[in-house]
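Reader: I would like to learn how to read a sheet, a helix pair and a chain contact from coordinates. Could you take me through one case?

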Amino acid sequence: MIEVDGIDVSLAGERVLKNVTASADDGFIGVVGPNGAGKTTLIRAINGTATPNDGVVRLEGDVVRSLSSRETARRVATMPQNTDVSFEFSVEEVVRMGRHPHVSRFGSDTSGKVYEAMERVDVARFADRSVHEVSGGERQRVLLARCLAQDADVLLLDEPTASLDVGRAVGTLSLVSSLVDNGKTVVAAIHDLNLAARFCDELVLVDDGRVVSSGAPENVLTQENVEEVFGTAAVVERDTATGAVRVTALKSERASDGGTADETATAKDESGRVHYVGDDPMTLRVLERRYEVSVGIVPEGSAVAEAADGNVVVSPPFEPLSNETLARASELADEAVAVVAGEGGAVPETETPVVDDAEPVKAVEEIRNRD
Amino acid sequence: MATRERLAGAFGASTATAVVVWCSALAALLGASVVVASGLGAVEIGYGAVAAIIADGVTDALPVSATTFYVGPESHETIILNVRLPRLAVAAVVGFALGSAGAVMQGFFRNPMADPTIIGVSSGAALGAVAAVVYPLPVGGQTAAFVGALAAAAVVYGIATENGRTGVATLLLAGIAVQMFLSAIVSYMMHVSDDESLRAAVYWLMGNLTYQSWSDVASVLPPVALGFGVLMFYARDLNVLLLGEREANTLGVNPRRTKLVLLAVSSIVTAAAVAVAGVIGFVGLVVPHAMRLLVGPDHRILIPTSALAGAVFLVSADAVARSAMGGSELPVGIVTALVGVPFFLYLLRDREVHEL
């Protein structure tokens with residue numbers, strides 16, 4: 001049903017997916033892998049919002065790129081990771097948008113699928129409330145309801161359980177599993193390996209833009225694969241309660257995954273830190289995959305400030321930069337091997353070479369090789 | 001949102017019903033404000049007489065012969081039909097244009113502080129109009145302003161578009177930069193012009209509705225009406241676009257095409273309005289914002305109600321402009337800013353705008 005055939009996708013000059021081939025028929029397919037592995041990009045390539053430079057994605061034999069947005073939307077519903085909605089739509093209005101690809105311009109929807117979907121994920125009782133007033137977890141269910149209302153055969157979910165408590169997460173994934181029984185194909189990027197192993201029929205393990213392994217969970221989540229891809233020692237066993245594969249990560253070899261303080265310090269010295277200034281979370285992610293990254297000065301609350309873990313210097317938007325902020329940022333930049341500067345931030349004064357963000361990794365490597 | 005829920009409850013859940021009820025109410029209000037505003041001025045004419053004259057004017061225009069309602073001095077008839085009504089009609093159409101384009105632009109930029117002139121339309125129009133006043137151009141001020149407005153919008157769009165992608169933030173910043181640049185040119189032209197041209201230019205820049213005739217109505221109405229139709233055609237796509245471009249794409253909206261159409265058409269609508277009436281600020285900013293608080297963010301209701309409320313607002317503001325100072329009249333742009341800014345600041349302090 002979904003065929004991904006040798007696709008390459010580049011974002012910000014970086015190859016995010018490299019010759020990825022995968023396919024899915026009916027069932028619940030989980031895409032797993034570390035941060036920045038390309039899970040989200042793979043989802044976007046399937047729904048047509050990221051266009052491959054090479055290779056094709058087919059839905060029921062039709063090339064996605066050649067389908068109109070409307071036609072694609074009738075076949076594929078996507079639940080995004082970011083659940084922000086900027087204007088005060090009611091919950092029902094948001095769910096009703098799922099009917100958009102099915103309803104003519106001045107027509108109205110009489111299918112009853114909106115209410116059905118809201119009942120199904122238990123958001124009908126606050127249908128009249130503003131999406132701003134409901135919690136993050138509730139909003140995620142609202143978006144799932146919108147996907148159900150969209151009534152497509154393929155459902156793509158980008159981190160569907162990211163902001164849910166464990167009870168809701170299990171509830172959501174059980175619901176998604178039951179959709180599969182109704183003949184839908186579900187592809188979900190899932191962070192939690194154990195939830196993925198428990199609910200998915202098949203897993204696709206991606207790392208650094210490549211498919212490392214795919215197949216039944218017990219064949220994909222082997223100790224060897226987990227240790228290689230996640231860079232951590234791991235124990236893989238059967239969970240006695242669910243019968244599914246269970247992965248327990250032991251000590252991390254990667255500094256950024258939370259090693260001890262000493263390990264972090266050593267890792268930093270070896271690789272050299274890169275300082276990023278800009279507003280593009282994708283660039284940040286690309287850099288974070290390779291290097292330890294510090295960030296600043298960026299506006300407080302910006303996407304990059306939120307996404308960065310660790311050394312971030314922020315400043316409240318539209319306010320003058322304080323001397324303290326400037327000094328802290330300069331200090332971070334001075335200690336870095338390179339400063340990558342894009343749009344949407346203030347580059348601190350520094351001795352370190354500053355490069356632009358067109359091809360960040362290439363530019364940083366040039367500097368490192370020069371030294 | 002309590003108001004909104006109450007209203008939604010009163011009108012039933014159906015969007016179509018809500019549109020009809022809101023628009024009928026606002027259209028009635030527009031009719032009433034036109035009648036009241038027509039009676040105001042140097043020659044006071046009673047509301048009854050005004051209504052009768054308008055009714056006569058309407059029935060005369062129809063092919064059927066009907067009774068004559070108005071009995072009174074013929075001069076009053078002339079004042080209403082040939083002086084006050086065309087001016088009020090222009091005010092209504094301009095307010096309608098700015099209200100609808102403002103609603104669309106705020107949705108487009110996903111920013112309730114956006115204004116229909118934000119991508120350089122008004123400064124482009126100012127450049128054209130002032131150039132026509134100061135230099136002997138082969139075209140009139142109105143045409144020059146219209147062309148200038150669209151040219152400025154096209155330049156801003158061109159600057160903000162790279163590889164077929166138009167960043168909304170880039171568009172906003174390019175708009176501000178181009179506006180500043182054009183203002184500098186306008187200032188220069190005013191600096192080198194003689195006193196008479198300077199006065200005419202300043203007067204245009206303040207926004208005014210003096211000396212409008214039925215031919216002005218005829219030139220502003222078609223682009224606004226046509227543009228409004230197109231904007232309504234894309235109203236639901238705009239709703240979906242509010243979720244973000246990528247998400248809109250997954251819901252079957254082609255973001256590039258939709259954005260281009262919305263931007264082009266609302267620029268044309270705004271340009272037509274600005275060309276005939278000069279720079280009238282705050283209608284396109286305040287009116288859609290206020291309507292959003294009342295009817296919610298659904299553009300199928302928001303666009304038509306903002307348009308009608310814009311018309312009511314500008315007709316009323318013009319009535320104040322004509323009568324507030326006794327004998328002499330104020331440019332209407334001054335009135336809209338004086339009323340609009342405090343209201344805007346109230347929104348800024350008390351309503352959801354502060355979360356930006």
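Author: We take the overall dimensions, a sheet, a pair of helices and the contact between chains in turn. The model is predicted.

Reader: What radius of gyration would a compact globule with 371 residues have, and what does chain A have?

Author: The approach is to set the value for the chain beside the value for a globule. For 371 residues the globule value is near 21 Å, and chain A has 22 Å, so the two agree. Along the principal axes, the C-alpha atoms of chain A fill a box of roughly 65 × 50 × 40 Å. Chain A contains 14 helices and 17 strands.

Reader: In what order do the 4 strands of the open sheet in chain A lie?

Author: Read from one edge to the other. The order is S2-S1-S4-S5 in chain A, with antiparallel pairing. At the edges are strand S2 (14-24) and strand S5 (62-63) of chain A, each of which pairs on one side only.

Reader: How many bridges join strand S1 to strand S4 of chain A?

Author: There are 5 bridges between strand S1 (residues 2-11) and strand S4 (residues 54-59) of chain A, and these strands run antiparallel. A:Val4 has A:Val57 of S4(A) opposite.

Reader: Which strands does helix H1 of chain A touch?

Author: Helix H1 (residues 39-47) of chain A packs on the sheet and touches S1, S2 and S4 of chain A. Its direction makes about 120° with that of S1(A).

Reader: What describes two packed helices?

Author: The angle between their axes and the distance between the axes. In chain B, the axes of helix H2 (residues 15-39) and helix H4 (residues 74-108) come within 10 Å and cross at roughly 140°. H2(B) and H4(B) are therefore oblique to each other; the cut-off for roughly antiparallel is over 145 degrees. The crossing of H2(B) past H4(B) is right-handed.

Reader: Which residues make that contact?

Author: H2(B) contributes B:Leu30, B:Val34, B:Ala37 and B:Ser38, while H4(B) contributes B:Ile80, B:Arg84, B:Leu85, B:Leu88 and B:Ala92. Sorted by class, the contact of H2(B) with H4(B) has 7 nonpolar, 1 polar and 1 charged residues.

Reader: How many residues of chain B are in contact with chain A?

Author: Count each side separately: 22 residues of chain B contact 21 residues of chain A. On the chain B side, H2, helix H10 (235-241) and helix H11 (245-250) each supply at least two residues. H11(B) gives the largest share of that side, 4 residues. By class, the chain B side divides into 9 nonpolar, 7 polar and 6 charged residues.

Key: Residues numbered from 1 in each chain as written. Chains lettered and ligands numbered in written order. Predicted model: local features only at pLDDT ≥ 70, side-chain atom pairs only at ≥ 80, totals over all residues. Pairing = 2+ DSSP bridges. Contact = placed C-beta atoms within 7 Å. Axes fitted to C-alpha atoms, helices over the stretch in contact; angles between N-to-C directions. Parallel < 35°, antiparallel > 145°, perpendicular 65-115°, else oblique. Left-handed = near helix turned anticlockwise from the far one by under 90°. Nonpolar A, V, L, I, M, F, W, Y, C, P; charged D, E, K, R; others polar. Rg over C-alpha atoms; globule rule 2.2 N^0.38 Å.
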